Amino acid sequence: MLKKIKVAGLVCLLGMSVSSVVAQDNVIDEVVWIVGDDAILKSEVEEQYRNLQYEGQRIDGDPYCVIPEQLAIQKLFLHQAKLDSISISDSQVLQQVEARLNYFIANIGSKEKVEEYFNKSITQIREELTDMVREQGTVQEMQRHLVKDIKITPSEVRRYYSTLPEDSIPYIPTQVEVQVITINPKIPQQEIDNIKARLREYSDRVMKGDADFSTLAIMYSQDSGSARMGGELGFMGRGSLVPEYANVAFNLTDPKKVSKIVETEFGYHIIQLIEKRGDRINTRHILLKPEVAQKDRNDAIARLDSVRADITSGKFSFEEAAMYISQDKDTRNNNGLMMNPENGTTKFEMQALPQEIAKMVDGMAVGDISVPFTMINQSKGKEVVAIVKLKSRTEGHKANLSDDYQALKNIVEMVKQNELIEDWIKKKQKETYIRIKEGWRNCEFRYDGWVKQ
């Protein structure tokens with residue numbers, strides 16, 4: 001139901017100590033670096049070091065050299081961002097902070113357990129996360145700002161490729177292009193009525209005070225991502241929610257009441273307001289999905305089998321069937337061609353395809369059309385029946401300009417972006433006042449310009 005928010009590992013998101021605060025470790029704090037007007041404290045370095053140790057991350061070099069240098073680079077970007085008025089919006093920060101807090105709660109078990117785990121109140125954790133998220137986001141935005149004008153020409157790509165030693169030419173794994181037609185098995189009205197009756201029962205129990213909404217969500221909601229958090233979604237804007245859900249959720253005003261039943265492409269929901277903050281809202285919901293009966297599944301398979309027969313006999317093309325028959329709105333207006341969100345093209349490595357489609361495509365020749373099969377729509381979590389056509393297959397090979405221009409262009413663009421960032425850091429080192437405490441200077445830094453003669 002939500003546009004997915006990607007979340008990394010538990011501790012690396014925190015950016016703060018997984019142990020107790022520094023004072024509890026009896027560490028006497030001191031300034032070890034000064035970068036411009038900003039100080040880097042020994043406690044900051046110790047804190048980051050503990051995090052990396054806890055996560056099991058390898059540090060390439062002396063941590064008391066690597067970590068303060070990374071913090072110093074971050075401060076260079078933050079200082080420039082301030083000069084250039086580069087920032088990220090409060091709503092972006094809020095969304096990420098709430099998402100991460102929800103992630104912690106889901107993995108640790110409850111707000112109380114999170115507080116116990118980090119030895120801090122939720123308020124303190126939220127404040128520290130807010131600072132960390134804002135700084136990380138600002139650094140990333142500053143970097144994007146620096147490289148935004150980089151444009152790669154075909155001649156640059158050709159020149160880059162021509163200078164690559166034979167053993168440095170990138171290997172491109174096997175890639176395929178796949179067209180798909182899906183239809184949704186028919187859901188009997190009786191099944192829909194049963195779903196609505198269950199949701200009305202849950203709503204009545206909450207309104208009468210016989211049950212807590214979050215408890216019912218944990219027990220019965222079929223949105224696995226939010227059920228374990230009592231149905232809570234975290235703060236979201238309208239654009240992060242499907243329209244039908246957003247229209248009802250943003251009209252709720254009383255946290256004690258439960259919404260009417262809402263139908264979306266994911267199923268049927270009831271919603272409870274938790275809190276509104278400006279143009280963002282935090283709600284909890286219970287989602288129920290109608291079950292597909294075997295008879296209706298078989299009917300959908302038979303229908304697509306007939307469509308497949310008509311395509312193979314030349315009655316109409318796969319592309320025409322995708323446009324007029326397919327119920328997959330993401331592909332039907334693109335001749336059924338699937339788009340890869342990871343690279344923005346129509347090419348997929350096999351492991352990037354949905355598992356059911358990959359199994360079908362694996363043994364197919366270009367131009368073949370599969371038999372009908374059932375699969376779970378990844379974005380909606382609903383069972384559908386599908387047929388696929390293998391449009392093209394490019395076997396694994398060393399990159400070449402004719403087949404892999406876009407991949408090579410991306411590599412050249414990344415190289416130029418990295419070069420620009422590296423040159424910018426070296427330039428800022430020369431322009432910025434930097435002092436490193438005695439005992440912290442004897443390091444093999446990545447950049448030579450920290451210790452000034």
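This briefing walks through the cores, a sheet, a helix, a buried leucine and a disulfide. The model is predicted. Its largest nonpolar core has 38 residues. A search of the whole structure finds one disulfide, no more and no less. Four strands form an open sheet.

**The cores**

- In the largest nonpolar core, the residues with the most contacts inside it are Trp33, Ile40, Val45, Phe77, Ile425, Ile436 and Trp450.
- Six elements give two or more residues to this core: strand E1 (31-35), helix H2 (42-55), helix H3 (63-83), helix H6 (122-147), helix H15 (405-431) and strand E13 (434-436).
- H3 gives the most, with nine residues.
- Another core lies apart from this one. That core has 17 residues, including Val176, Met338, Met350 and Val384.
- What does Trp450 touch, leaving out residues up to four places away in sequence? Its partners are Trp33, Glu69, Ala72, Ile73, Leu76, Gln429, Ile434, Ile436 and Phe445.

**The disulfide**

- Cys65 and Cys443 form the disulfide, with their sulfur atoms 1.9 Å apart.
- A disulfide is a covalent bond between the sulfur atoms of two cysteines.
- The torsion about the S-S bond of Cys65 and Cys443 is about -70°, so this disulfide is left-handed.
- Cys65 sits in helix H3, while Cys443 sits in the segment after E13. The pair therefore ties together parts that are 378 residues apart in sequence.
- Is each cysteine buried or partly exposed? Cys65 has a relative accessible area of 7%. Buried means under 20%, so Cys65 is buried.
- Cys443 has 21% relative accessibility, so Cys443 counts as partly exposed.

**The open sheet**

- The strands run in the order E5-E8-E7-E6, and the pairing is antiparallel.
- Which strands stand at the edges? They are strand E5 (232-236) and strand E6 (262-264).
- Each edge strand has a single partner strand, so one side of each is left without a neighbour in the sheet.
- Neighbouring strands of this sheet are turned by 40° against each other on average, direction ignored.
- E6 pairs with strand E7 (residues 267-277) over three bridges, in the antiparallel sense.
- Val262 stands opposite His269 in E7.
- Helix H4 (residues 90-108) packs on the sheet and touches E5, E7 and strand E8 (280-288). The direction of H4 makes about 165° with that of E5.
- Helix H9 (residues 213-220) also packs on the sheet, touching E7 and E8. The direction of H9 makes about 45° with that of E8.

**Helix H14, a helix with two sides**

- Helix H14 (residues 355-362) has the buried residues Ile357, Ala358 and Val361.
- Why do they line one face of the helix? Seen down the axis of H14, the buried residues fall within an arc of 100°, so they line one face.
- On the other side of H14, Gln355, Lys359 and Asp362 are exposed.
- The buried residues of H14 pack against strand E4 (175-183), strand E10 (373-376) and strand E11 (383-394).

**Leu408**

- Leu408 lies in helix H15.
- Leu408 has 1% relative accessibility, so Leu408 counts as buried.
- Which residues does Leu408 contact, leaving aside its neighbours within four places in sequence? They are Val157, Tyr161, Pro170, Ala399, Asn400 and Leu401.
- Leu408 and Arg158 are 250 residues apart in sequence. In space, they are 8.9 Å apart, C-alpha to C-alpha.

Terms used: Residues numbered from 1 in each chain as written. Predicted model: local features only at pLDDT ≥ 70, side-chain atom pairs only at ≥ 80, totals over all residues. Heavy atoms only, no water. Core = buried A, V, L, I, M, F, W, Y, C linked by side-chain atoms within 4.5 Å. Buried < 20%, exposed > 50% of the residue type's maximum accessible area, 1.4 Å probe, protein only. Contact = heavy atoms within 4.5 Å. Pairing = 2+ DSSP bridges. Axes fitted to C-alpha atoms, helices over the stretch in contact; angles between N-to-C directions. Disulfide = S-S within 2.5 Å. Arc of directions from axis to C-beta.
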